[in-house]
Amino acid sequence: MDEVQKQLGSLRIGDPAPDFEARSTHGPIRLSDYRGRWLIFFSHPADFTPVCTTEFIALARHAEQFDALNCALLGLSVDSLYSHLAWVRAIQDKFDVTISFPIVEDPSMAVGRAFGMIDEKAGDSAAMRTSYFIDPAGIVQATTCYPHNVGRSVSEMIRMLAALQMAEDGNILVPEGWQPGDDVLEVPPLATDQTDDEDVWFCRLVKAK
């Protein structure tokens, strides 16, 4: 964990995701274990809280959609491993939902601080509801951050993931509100002699390949 603690600061798009090793509900985990596939690494303020419970239930129910996009899920909070295990069991017993992805413990908040989920001087995890979309090379491609009292949209997480994958080769752009199967945007030409004054060259929709 010492390596993680040296990397304090807010992560930006294009930054390598700091590696770490920690205990989880699926045993010891390193972030680098996920290289070669997409990963959504997300934090939540605390176990046994209403908003977080609804998020985890929704994520579990959509696990097959994330898997179809070659994307793993990895949760994190400051609670202990024993709290995570008890919460997972309670969700199974009360809602008949199995949480199939690991949840990492972070009692020292070292991982949360390394990822910029919480302020370096924060005394608790109240602001920790952040998601990192990490590509197969371990690079952060997108982030979202919500307050502790507002839940994330799992459908938007899936849309974001699909959009990032669609645009990852740099040959097309993804428009507002895009959904899988929709048209995409051409990258505008750099040279003015490649444009047509009679055409909307700067915002041209094309079929996705």
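In this predicted model, the side chains of Glu 55 and Arg 152 come together in a salt bridge, with N and O 2.9 Å apart. The two partners sit in distant parts of the chain: Glu 55 belongs to helix α2 (residues 50-61), while Arg 152 is found in the loop between β7 and α6 (154-167), and 97 residues separate them. Both ends of this pair are tucked away, since Glu 55 is buried and so is Arg 152. As a bit of background, side chains of opposite charge can pair when their charged atoms come close.

That pair has company, as a search of the whole structure turns up nine salt bridges. Another one brings together the side chains of Asp 67 and Arg 37, at 3.4 Å from N to O. Here too the link runs between distant parts of the chain: Asp 67 lies in helix α3 (residues 63-68) and Arg 37 in the loop between β2 (29-30) and β3, with the two positions 30 residues apart. Arg 37 is partly exposed, because its relative accessible area is 25%, and the buried class stops at under 20%.

Asp 183 and Lys 207 make up a further salt bridge, and their closest N and O atoms are 3.6 Å apart. Asp 183 is placed in the loop between β8 and β9 and Lys 207 in the segment after β10, so this pair ties together parts that lie 24 residues apart in sequence. The two partners fall into separate accessibility classes: Asp 183 is partly exposed, at a relative accessible area of 27%, whereas Lys 207 reaches 67% and so counts as exposed. Salt bridges can also share partners, and in this way Asp 19, Glu 21 and Arg 30 are joined into one network.

Now for the sheets. Strands of a sheet pair through backbone hydrogen bonds, either parallel or antiparallel. Five strands build an open sheet here, lined up as β5-β4-β3-β6-β7, and the pairing is mixed. At its edges are β5 (103-105) and β7 (140-145), each of which pairs on one side only. Going from strand to neighbouring strand, the average turn is 20 degrees, with direction ignored. Helix α4 (residues 81-95) packs on this sheet, where it touches β4 (71-77) and β5; the direction of the helix makes about 150 degrees with that of β5.

Inside this sheet, β6 is a good strand to follow. Strand β3 (residues 38-43) and strand β6 (residues 130-134) run antiparallel to each other and share four bridges. Along this pairing, Ile 40 faces Phe 133 of β6, and Leu 39 stands opposite Ile 134 of β6. The pairing between β6 and β7 is antiparallel as well, this time over five bridges, and it sets Ser 131 opposite Thr 144 of β7. These two strands form a hairpin with five residues between them, and Gly 138 in the turn has a positive phi of about 90 degrees.

How much of β6 is buried? Five of its five residues are, so the strand is described as mostly covered, with buried meaning under 20% relative accessible area. The cover extends to both faces of β6: Thr 130, Tyr 132 and Ile 134 are buried on one side, and Ser 131 and Phe 133 are buried on the other.

A second open sheet has three strands in the order β8-β9-β10, with antiparallel pairing. Its edges are taken by β8 (172-173) and β10; each has a single partner strand, so one side of each has no neighbour in the sheet. Between β8 and β9 there are two bridges, and the pairing is antiparallel. Ile 172 stands opposite Glu 186 of β9 in this pairing.

The loop between β9 (184-186) and β10 (205-206) contains Trp 201. Together with Val 200 and Phe 202, Trp 201 makes a nonpolar surface patch of about 290 Å². Why does Trp 201 count as partly exposed? Its relative accessibility is 31%, and the partly exposed class lies between the buried limit of 20% and the exposed limit of 50%.

Terms used: Residues numbered from 1 in each chain as written. Predicted model: local features only at pLDDT ≥ 70, side-chain atom pairs only at ≥ 80, totals over all residues. Heavy atoms only, no water. Pairing = 2+ DSSP bridges. Axes fitted to C-alpha atoms, helices over the stretch in contact; angles between N-to-C directions. Contact = heavy atoms within 4.5 Å. Patch = residues over 30% accessible without salt bridge, like charges linked within 9 Å, V, L, I, M, F, W, Y side chains within 5 Å. Areas by Shrake-Rupley, 256 points an atom, 1.4 Å probe, with all protein chains shown as cover. Salt bridge = Lys/Arg side-chain N within 4 Å of Asp/Glu carboxyl O. Buried < 20%, exposed > 50% of the residue type's maximum accessible area, 1.4 Å probe, protein only.
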